[in-house]
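These notebook entries record what I looked up, beginning with strand pairing and ending with helix packing.

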Amino acid sequence: MPTPKKSTSGSKKPLVYGAVIVTAAALLGFASYKATAPGNSSTDTSTTSPAAEVSADPQAGVYPELAKLARRDAGDKLAVGRTDAPVVLIEYADFKCGYCGKFARDTEPELIEEYVEDGTLRIEWRNFPIFGEESENAARGSWAAGQQGRFWEFHAAAYAEGAKEKGFSKDRVKALAQEAGVKDLARFMKDLDGEAARAAVAKDQEQAYGIGATSTPSFLINGRPIAGAQPKETFTRAIEAAAEQARTAAGPETTEGSQDAANSTGSQDAAK
């Protein structure tokens, strides 16, 4: 049974938004998150295992403090979709996590096709390596691939069937980068071990720990927590509820204008 190694940099206290202390018990509701808890062998089993048995009611509370974690940065190499999309899905994941791979292969491509391409959804990746050195290697490798515009290709290679079973040594991560089409492998290896990669991964880790996440995959959809590799329907209900809420808040004129913009520009931000 693998024992996850948490970041040694910085604090793991809950984030503070003004006077609001964000705690795991209040906001993430991980009481039912046993199947994917770090240290649970099911986290690292075959990706053909059933999805985690967790509670993720899409009608559960939405927390504005968590919605603010969406970066909406046009220069974010680890994101796909329009920066002005009404819905942002943030994923905290580890490349050694079998359930993360299940989501990446079975659910995420359909969400991209249905919601990212029409401008409704933006997906922002956060590296959350919790299974030790190889997790860290893969996380930094994904960031390094992103610096050459190949993050999503690396993501696909690292989450392909059987990939995690081969491990994520540095040589293996380099091979994945080559498979992903990273052109400058010397630069890739330099970036992989560079301070910028370490800082970027640590920043994502601390954000995850700060909101109380202790397992992978963990998601936020416009501030609504979802735990585990849930069925696609869980995500579609949450995305559609968030999109409807955004339309209601924007009003009819703003909504029509946003839809026209989406139709005219398509998904130029999409990189997957």
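I took two strands to pair if DSSP finds at least two bridges between them. The model I examined is a predicted one.

**Entry 1: the hairpin.** I began with strand S6 (residues 218-221) and S7, which run antiparallel and are joined by four bridges. In the register, I found isoleucine 221 opposite arginine 224 in S7. I also noted that serine 218 has alanine 227 of S7 as its bridge partner. I recorded S6 and S7 as a hairpin with two residues between them. Asparagine 222, in the turn, has a positive phi of about 50°.

**Entry 2: the sheet.** I then traced the sheet to which these strands belong. I found an open sheet of five strands in the order S3-S5-S4-S6-S7, with mixed pairing. Strand S3 (79-80) and S7 stand at its edges with a single partner strand each, so one side of each has no neighbour in the sheet. I next asked which strands helix H3 touches. H3 packs on the sheet and touches S3, strand S4 (87-93), strand S5 (121-127) and S6. I noted that the direction of H3 makes about 155° with that of S5. Helix H8 (residues 195-210) also packs on the sheet, where it touches S4 and S5. For the direction of H8 against that of S5, I recorded about 105°.

**Entry 3: the faces of S7.** Are the residues on the two faces of strand S7 buried or exposed? I found both faces of S7 (residues 224-227) covered. Arg224 and Ile226 are buried on one side, and Pro225 and Ala227 are buried on the other.

**Entry 4: H3 against H9.** I turned to helix packing, for which two packed helices are described by the angle between their axes and the distance between the axes. Helix H3 (residues 98-116) and helix H9 (residues 232-250) pack at an angle of about 30°, with their axes 10 Å apart. Angles under 35 degrees count as roughly parallel, and I therefore entered H3 and H9 as roughly parallel to each other. H3 passes H9 in a right-handed crossing. On the H3 side I listed Phe103, Thr107, Glu110, Leu111, Glu114 and Tyr115, which meet Lys232, Phe235, Thr236, Ile239 and Glu240 in H9. By class, I noted five nonpolar, two polar and four charged residues in the contact of H3 with H9.

**Entry 5: lysine 232.** I singled out lysine 232, which is found in helix H9. Buried means under 20% relative accessible area; lysine 232 has 19% and is therefore buried. Leaving aside neighbours within four places in sequence, I found lysine 232 in contact with Thr107, Glu110, Leu111 and Glu114.

**Entry 6: H5 against H6.** The axes of helix H5 (residues 151-158) and helix H6 (residues 170-179) come within 8 Å and cross at roughly 120°. That angle makes H5 oblique to H6. I recorded the crossing of H5 and H6 as right-handed. Phe154, Ala157 and Ala158 in H5 meet Val173, Leu176, Ala177 and Glu179 in H6. I counted the residues of the contact of H5 with H6 as six nonpolar, no polar and one charged.

**Entry 7: the whole chain.** I closed with totals for the protein chain, whose secondary structure comes to 10 helices and seven strands. Of its 272 residues, 52% count as buried. Among contacts with a separation of 6 or more, 79% are accounted for by residues 24 or more positions apart.

Terms used:
Residues are numbered from 1 along each chain as its sequence is written. This is a predicted model: local features need pLDDT of at least 70, side-chain atom pairs count only at pLDDT 80 or more; totals for chains, interfaces and linings use all residues. Side-chain values use heavy atoms; hydrogens and water are left out. Axes are lines fitted to C-alpha atoms, for helices over the stretch in contact, and angles run from 0 to 180 degrees between N-to-C directions. Angles under 35 degrees count as roughly parallel, over 145 as roughly antiparallel, 65 to 115 as roughly perpendicular and the rest as oblique. A crossing is left-handed if the near helix is turned anticlockwise from the far one by less than a right angle, and right-handed if clockwise. Contact means heavy atoms within 4.5 Å. Ala, Val, Leu, Ile, Met, Phe, Trp, Tyr, Cys and Pro count as nonpolar, Asp, Glu, Lys and Arg as charged, and the others, Gly among them, as polar. Buried means under 20% relative accessible area, exposed over 50%, partly exposed in between (1.4 Å probe, protein chains only).
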